[in-house]
Amino acid sequence: MLDSALFDRHIRRMRTLLTALSAVALLSFGTVHAEAQSPVQQAQAQVPASNPQVAEVERYFNGIRTMQARFVQSNPGGTVVQGTLSVSRPGRMRFEYDPPSQLKIVADGSQVTMWDIANRDFGQWPIGWTAASFLVREPMVLQGGDLMVEKVERTDGMLQLTMSQARKPNEGKVIVRLGENPMVLRGWTIIDNRGQRVDVSLNGLQTGLPLAASLFKFDGPDAGAIRRGVDRN
């Protein structure tokens, strides 16, 4: 990581700006009235409820149990970091950033823990508040669920889906990019309600790997030790 403090501030923003990616169990949706549609809801009408491309993306994600890939993350301000992403559906994932960063983010199925020993930072929050939770939803429902597909297009040789939260479309968007023939996840872009972007590209993605359960558990010092500062050796 080039500047882990910047990434920490970004992670804090991610906690609130993308409830679009919340797990169904963490959200309570009421009835959406047909009258007075928002511009985003009107845009959704351009994507038919039975869109075969959207259905194919649903099948692709719902067919994955585990995945692992290298990632490159481009943040607001131009900083770029790399690391390893591990996913075990449902509900578990791990972002481990390459040295010299000591930032780690782990979801154990119910909550996300973020810690950065170098910056004495520790945080926990519900998994539904994380920007990448679409990866671990079970099942992933993109047609008629709490996520809304606003747009489906092909750009730079990839299938691209723009998604938001059905009830709160102005709180952020996620643009998921997939290669086709065969379908494979290539990355995603997070756009917050101020227009700031975080781009994540995946390389060498593998699926069906045996991943140890311990990978998805918090394995750092306790929160107090992190905040006081611990021996980094």
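# Burial, salt bridges and backbone in a predicted model

Visitor: Does Glu150 count as buried or exposed?
Guide: Buried means under 20% relative accessible area, exposed over 50%, and partly exposed in between, for a 1.4 Å probe and protein chains only. The relative accessibility of Glu150 is 10%, so Glu150 counts as buried.

Visitor: What pLDDT does the chain average?
Guide: This is a predicted model, in which local features need pLDDT of at least 70 and side-chain atom pairs count only at pLDDT 80 or more, while totals for chains, interfaces and linings use all residues. Residues are numbered from 1 along each chain as its sequence is written, and side-chain values use heavy atoms, with hydrogens and water left out. pLDDT is the predictor's confidence in each residue, from 0 to 100. In the chain 76% of the residues score at least 70, and the average is 78.

Visitor: In which helix is confidence lowest?
Guide: Helices (H or I, at least four residues) and strands (E, at least two) are DSSP runs, numbered from the N terminus. Confidence is highest in strand 1 (residues 66-74), at 97, and lowest, at a mean of 41, in helix 1 (residues 4-17).

Visitor: How many contacts does the stretch 1-46 have beyond near neighbours in sequence?
Guide: Where pLDDT is low, the predicted coordinates should not be read in detail. Over residues 1-46 the pLDDT is below 50. A contact means heavy atoms within 4.5 Å. Beyond near neighbours in sequence, the number for this stretch in the model is 106.

Visitor: Which residue is the partner of Lys173 in a salt bridge?
Guide: A salt bridge is a side-chain nitrogen of Lys or Arg within 4 Å of a carboxyl oxygen of Asp or Glu. The closest N and O atoms of the pair are 3.0 Å apart. Lys173, in strand 9 (residues 173-179), is 23 residues from its partner in strand 7. Lys173 is partly exposed, at 24% relative accessible area, and its partner is Glu150.

Visitor: Which residue forms a salt bridge with Arg94?
Guide: Arg94 is buried, with a relative accessible area of 3%. Arg94 lies in strand 3, and its partner, 125 residues away, is in the loop between strand 11 and helix 4 (223-228). Arg94 also belongs to a network of salt bridges that includes Glu96 and Lys104. The closest N and O atoms are 3.1 Å apart in the pair that Arg94 forms with Asp219.

Visitor: How many residues separate Arg89 and Glu138?
Guide: Their side chains meet in a salt bridge at 3.2 Å, N to O. Arg89 is buried at 5% relative accessibility, while Glu138 is partly exposed at 43%. Arg89 sits in the loop between strand 2 (80-88) and strand 3 (92-97), Glu138 in the loop between strand 6 (121-126) and strand 7 (147-155), and the separation in residues is 49.

Visitor: Which side chain of opposite charge is nearest to Glu58?
Guide: Glu58 is in helix 3 (residues 52-62). Glu58 is buried yet has no salt bridge. For charge, Lys and Arg count as positive and Asp and Glu as negative, with His and the chain ends not counted. At 6.8 Å, the nearest side chain of opposite charge is Arg59.

Visitor: How many residues does the largest nonpolar core have?
Guide: A nonpolar core is a set of buried Ala, Val, Leu, Ile, Met, Phe, Trp, Tyr and Cys residues joined through side-chain atoms within 4.5 Å. Tyr60, Phe61 and Trp188 are among the residues with the most contacts inside the largest core. Tyr60 touches residues including Leu178, Met183 and Leu205, not counting residues up to four places away in sequence. The number of residues in the largest core is 43.

Visitor: Which residue does the cis peptide bond from Glu138 lead to?
Guide: The omega of this bond is near -5°. The residue that follows is found in the loop between strand 6 and strand 7. The cis bond from Glu138 leads to Pro139.

Visitor: What is the phi of Asp156?
Guide: Asp156 lies in the loop between strand 7 and strand 8 (158-165). Asp156 is exposed, with a relative accessible area of 74%. Although Asp156 is not a glycine, its phi is positive, at about 55°.
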